[in-house]
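Visitor: Hi! I'm new to this one, could you walk me through it?
Guide: Happy to. Let's bring it up and start with a helix.

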Amino acid sequence: MNKTDLRFWFGCGMMISMEFAILGSGSSANSCFFKGENGAFVIDCGFTLPQWEARMKCIGESPASVKYILITHHHADHVRGLERISAKYGIPSYVASDSPLKTLYERREFRPLREFDVDGVRFFPFPTFHDAAPSVGFFFLLDGVRFTIITDTGVLDERMFRAALKSDVLLLESNYCEELLESCCYPEFLKRRISSVYGHLSNRAAFDFLSRLREQPQCRLRQVYLCHLSEKSNTPERVEMLFSSLKDESFSITVCPKNQLIKGFCDDTIRKANSECFSCSNR
Ligand SMILES: [Zn+2]
Ligand SMILES: [Zn+2]
């Protein structure tokens, strides 16, 4: 963790317990922490063990509090630290049933498109379009707040749209700027891979998705975190500028610079709005 990360984090205020934190995102490492009434869990472990421990310490949380880890897919930027972290702290991992990840501390499986519950949190994993099948995003309900996380996908589909539409909080990939990708130093094959249907999501595609969501009268989104920004073919400033027109008083958009810790929170308004019965049907 560099000084910028620490300054940003401590600049946010006290290290208090919070509902969730993006421990870091980007092309090199991704991990998100969520904490509910029944304990904490993590989605993806792309940081090494020492890096991950340092970030957990920075948010004032003990790694021992993490009860399980969910994995979206087996690319290194999502699983680099998984074996050592899960072994050291005895944390079981949930992976898609066809995943090639085999040497985990305790492997538990889920099937894409089938809901599952863990300690009172209901998850719905849905396929993403990525060159690391099986690759998924998650919709889940945590203490009355609905989250959708969509990263590492070349395109977005209607299933993702419906999940995001029902969510209060959306973590969405905004990986590359088309112009910068075209002109950056990446080799041609990598540019083609990133921009393919099974690659990553462009700023423009993420923007169109979010614009369409905002046009729906039933859209309940309150917070959006734009993450997994490419180091070479994107900048936080470009993302900020593109999405600024979508923000308003009741709708926040946070751009997540590479590797930076971002604290999330859910206020009482979101909790109350979500105290109704929850059903995963018709998704
Ligand atoms: Zn990936
Ligand atoms: Zn990734």
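**A chat about the fold**

Guide: This is a predicted model. Let's begin at helix 5, residues 158-165, where M160, A163 and A164 are buried.

Visitor: How are those buried residues placed around helix 5?

Guide: They sit on the same side of helix 5, because the arc they cover around the axis is only 95 degrees. As a general point, an α-helix has 3.6 residues a turn, so residues three or four places apart point the same way.

Visitor: And what covers the buried residues there?

Guide: The cover for the buried residues of helix 5 includes strand 8 (121-127), strand 9, strand 10, strand 11 and helix 8 (203-215).

Visitor: Lots of strands in that list. How many helices and strands does the chain have?

Guide: The chain has 10 helices and 14 strands. It counts 283 residues, 45% of them buried.

Visitor: How are the strands arranged in sheets?

Guide: One open sheet has 7 strands in the order 7-8-9-10-11-12-13, with mixed pairing. Its edges are strand 7 (116-118) and strand 13 (252-255), each pairing on one side only. On average, neighbouring strands in this sheet are turned by 20 degrees against each other, direction ignored.

Guide: Another open sheet, also of 7 strands, runs in the order 6-5-4-3-2-1-14, again with mixed pairing. At its edges are strand 6 (107-110) and strand 14 (262-264); each has a single partner strand, so one side of each is left without a neighbour in the sheet.

Visitor: Can we look at one strand up close? How much of strand 12 is buried?

Guide: 5 of the 5 residues of strand 12 are buried, so the strand is largely enclosed by the rest of the structure. Q223, Y225 and C227 point one way, while V224 and L226 point the other way.

Visitor: Why that back-and-forth pattern?

Guide: In a regular strand the side chains alternate between the two faces of the sheet.

Visitor: Which strands does strand 12 pair with?

Guide: Strand 11 (residues 169-173) pairs with strand 12 (residues 223-227) in the parallel sense, over 5 bridges. Among the bridge partners, L172 goes with L226, and L171 goes with Y225. Strand 12 also pairs with strand 13 in the parallel sense, over 4 bridges, and V224 stands opposite I253 in strand 13. From strand 12 the chain crosses through helix 9 (residues 236-243) to strand 13, a right-handed β-α-β crossover.

Visitor: What comes right after strand 12, in the loop before helix 9?

Guide: H228 has its place in that loop between strand 12 and helix 9. Its phi is near 55 degrees, a positive value in a residue other than glycine. H228 counts as buried because it has 26 C-beta neighbours inside 10 Å, and the cut-off for that label is 20 or more.

Visitor: Any other residue with a positive phi?

Guide: D44 has a positive phi of about 70 degrees, although it is not a glycine. D44 lies in the loop between strand 3 and helix 2 (49-58), and it is buried, with 27 other C-beta atoms within 10 Å.

Visitor: What does strand 3 pair with?

Guide: Strand 3 (residues 39-43) runs parallel to strand 4 (residues 66-70), and 4 bridges join them. One of the pairs is V42 with its bridge partner I69 in strand 4.

Visitor: What else does I69 touch?

Guide: Leaving aside neighbours within four places in sequence, I69 is in contact with F41, V42, C45, L82, S86, I91 and S93. I69 also belongs to the largest nonpolar core, which has 70 residues. The residues with the most contacts inside that core are I22, C32, I69, F138, F140 and L226. Strand 9 supplies the largest share, 6 residues.

Visitor: Changing topic, where is the cis peptide bond?

Guide: It joins A133 and P134, with omega about -5 degrees. P134 lies in the loop between strand 8 and strand 9.

Visitor: And past strand 9, is D143 near anything far away in sequence, or what does D143 touch?

Guide: Not counting residues up to four places away in sequence, D143 touches G36 and E37. D143 and G36 are 107 residues apart in sequence and 6.1 Å apart in space, C-alpha to C-alpha. D143 itself lies in the loop between strand 9 (136-142) and strand 10 (145-150).

Visitor: Buried or exposed, that D143?

Guide: D143 counts as partly exposed, because it has 15 C-beta neighbours inside 10 Å.

Notes:
Residues are numbered from 1 along each chain as its sequence is written. Chains are lettered from A and ligands numbered from 1 in the order in which they are written. This is a predicted model: local features need pLDDT of at least 70, side-chain atom pairs count only at pLDDT 80 or more; totals for chains, interfaces and linings use all residues. Helices (H or I, at least four residues) and strands (E, at least two) are DSSP runs, numbered from the N terminus. A residue is buried if 20 or more other C-beta atoms lie within 10 Å of its own, exposed if 12 or fewer, and partly exposed in between; C-beta atoms are placed from the backbone. Two residues are in contact if their C-beta atoms, placed from the backbone, lie within 7 Å. Two strands pair if DSSP finds at least two bridges between them. Axes are lines fitted to C-alpha atoms, for helices over the stretch in contact, and angles run from 0 to 180 degrees between N-to-C directions. The arc is that of the directions from the helix axis to the C-beta atoms. A crossover is right-handed if, with the strands pointing away from the viewer, the path from the first strand over the helix to the second runs clockwise. A nonpolar core is a set of buried Ala, Val, Leu, Ile, Met, Phe, Trp, Tyr and Cys residues joined through C-beta atoms within 7 Å.
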